[in-house]
Amino acid sequence: MFDLDNCPSGQAARLRYGFEDHVTAYARALAWFGKWPRSGLEHDNFLGDGDNKPMDASHVCHHDACIIHVAYEPAYMNQERKECCQIARKLRQEEKDIPEHCSTHSPPCLLQHAALRTNEAFSIQFDVLRQARGLSREASRFRRPRRHLFSTFEGHLPCRFPAINVHVANLVTDRPVSRGKRGKPVSFCVFCKSIKAFDTAAGYWGHLVNKHDGIDTSMRLDEIRRTAAEWTVYWEENSDGGKRGHATKQRLEQVKQAGFDWDVVLAWELR
């Protein structure tokens with residue numbers, strides 16, 4: 001059991017829990033039974049019956065396979081936490097200090113956990129467990145993936161990426177800013193469970209249109225507006241390079257208009 005070769009892949013189905021005629025994610029069941037007894041209204045919320053607010057088990061560590069760091073909360077809060085994960089990984093990519101917690105949610109997101117790729121988190125867990133059992137620490141390590149966004153690949157503790165421990169009340173909730181003159185923006189999809197990076201605005205926006213049709217359009221519009229602001233600043237600081245007629249440049253102007261909506265995005269015919 002302490003051999004990575006026998007570990008399910010990252011694409012393996014998550015654990016499920018079934019009781020009578022209802023089946024749900026194992027982490028959600030753990031979060032549900034973490035407080036007992038439950039009221040009838042809470043039971044309806046859990047099953048999603050009627051007009052009650054849907055409830056989820058949020059992974060505050062931002063690792064779907066985890067069954068420890070879970071919080072039972074409304075589904076919309078679970079979605080809001082994705083921004084914290086994006087911030088943590090952006091900070092790590094820029095080699096900036098990563099706070100221990102976010103200052104937005106309760107319980108707070110574990111940002112240093114969120115900054116880890118899934119294979120890094122598994123590698124660290126196996127390293128700790130094998131050390132506790134007196135087994136070789138080198139026998140079961142993930143190899144650094146060919147496409148790895150960060151300067152270090154974490155496989156044991158302590159982690160090598162910059163980290164700080166501060167009181168949650170002192171954390172700044174604004175998005176991180178780049179040092180000095182900004183480089184070309186890189187966007188990380190806030191809706192994907194795994195890290196997906198895009199180095200063009202059109203590429204990311206096309207991904208939002210074509211791969212996340214289950215996400216509310218208002219949330220995707222907000223993400224387009226946010227990244228459009230980043231690209232606008234980039235082009236203003238680095239000149240437009242003679243690209244005033246470029247399709248992306250024209251789209252950036254459209255995003256600024258009061259009438260910008262999802263129909264405008266669809267008219268872009270992004271792929």
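What follows is a chat between a colleague and a modeller about a predicted model.

Colleague: Let's start with helices H7 and H8. Why are H7 and H8 called roughly antiparallel?

Modeller: It comes down to the angle. The axes of H7 (residues 201-211) and H8 (residues 217-238) cross at roughly 175°. Angles over 145 degrees count as roughly antiparallel, so H7 and H8 get that label. Their axes also come within 11 Å.

Colleague: What makes the contact between H7 and H8?

Modeller: On the H7 side there are Ala 201, Tyr 204, Trp 205, Leu 208 and Val 209. On the H8 side you'll find Arg 220, Glu 223, Ile 224, Thr 227, Ala 228 and Trp 231. Sorted by class, that gives eight nonpolar, one polar and two charged residues.

Colleague: How do you know that the span of H8 is close to the one expected?

Modeller: H8 has 22 residues, and at 1.5 Å a residue the expected value is 32 Å. From its first C-alpha to its last, H8 reaches 31 Å, so the two values are close.

Colleague: Which residues of H8 are buried, and what covers them?

Modeller: The buried ones are Arg 220, Leu 221, Glu 223, Ile 224, Arg 226, Thr 227, Ala 228, Trp 231, Thr 232, Tyr 234 and Trp 235. Their cover includes H4, S5, H7, helix H9 (247-256) and helix H10 (262-267).

Colleague: Now salt bridges. Why is the pair Arg 226 and Glu 230 called a salt bridge?

Modeller: Check the gap between N and O: for Arg 226 and Glu 230 it is 2.9 Å. The cut-off is within 4 Å, so the pair passes. Both residues lie in H8, four residues apart, about one turn of the helix.

Colleague: What makes Arg 226 buried but Glu 230 partly exposed?

Modeller: Buried means under 20% relative accessible area. Arg 226 has 15%, so it is buried. Glu 230 has 24%, which is past that cut-off but not over 50%, so Glu 230 counts as partly exposed.

Colleague: And what makes Arg 225 and Asp 222 a salt bridge?

Modeller: Same kind of check: their closest N and O atoms are 3.2 Å apart, and that fits within 4 Å. Arg 225 and Asp 222 are three residues apart in H8, so about one helical turn separates them. Arg 225, at 34%, counts as partly exposed, and so does Asp 222, at 48%.

Colleague: How do you know that Lys 96 and Glu 94 are buried?

Modeller: Hold each value against the 20% cut-off. Lys 96 is at 19% relative accessibility, so it counts as buried. Glu 94 is at 14%, so it is buried too. Their side chains meet in a salt bridge, 3.1 Å from N to O. Together with Lys 90, Glu 94 and Lys 96 are linked in a network of salt bridges.

Colleague: How many salt bridges does the rule give?

Modeller: The count comes to nine.

Colleague: What is Gln 93 in contact with, leaving aside its neighbours within four places in sequence?

Modeller: Leu 149, Phe 150, Val 186 and Phe 188. Gln 93 lies in helix H4 (residues 82-93). Its C-alpha atom and that of Ser 151 are separated by 7.5 Å, with their positions 58 residues apart along the chain. Gln 93 has a relative accessible area of 26%, so it is partly exposed.

Colleague: Why do His 62 and Glu 95 get a mention for their phi?

Modeller: Most residues other than glycine have a negative phi. His 62 is not a glycine, yet its phi is positive, about 65°. Glu 95 isn't a glycine either, and its phi is about 60°. His 62 sits in the loop between strand S3 (55-59) and strand S4 (70-74), and at 14% it is buried. Glu 95 lies in the loop between H4 and H5, and at 46% it counts as partly exposed.

Colleague: Last one: which peptide bonds are cis?

Modeller: One runs from Ser 106 to Pro 107, with omega near -5°. Another runs from Leu 157 to Pro 158, with omega near 0°. They get a mention because most peptide bonds are trans. Pro 107 lies in the loop between H4 and helix H5 (111-114), while Pro 158 lies in the loop between helix H6 (118-132) and strand S5 (187-188).

Technical notes. Residues numbered from 1 in each chain as written. Predicted model: local features only at pLDDT ≥ 70, side-chain atom pairs only at ≥ 80, totals over all residues. Heavy atoms only, no water. Axes fitted to C-alpha atoms, helices over the stretch in contact; angles between N-to-C directions. Helix = DSSP H or I, 4+ residues; strand = E, 2+ residues; numbered from the N terminus. Parallel < 35°, antiparallel > 145°, perpendicular 65-115°, else oblique. Contact = heavy atoms within 4.5 Å. Nonpolar A, V, L, I, M, F, W, Y, C, P; charged D, E, K, R; others polar. Buried < 20%, exposed > 50% of the residue type's maximum accessible area, 1.4 Å probe, protein only.
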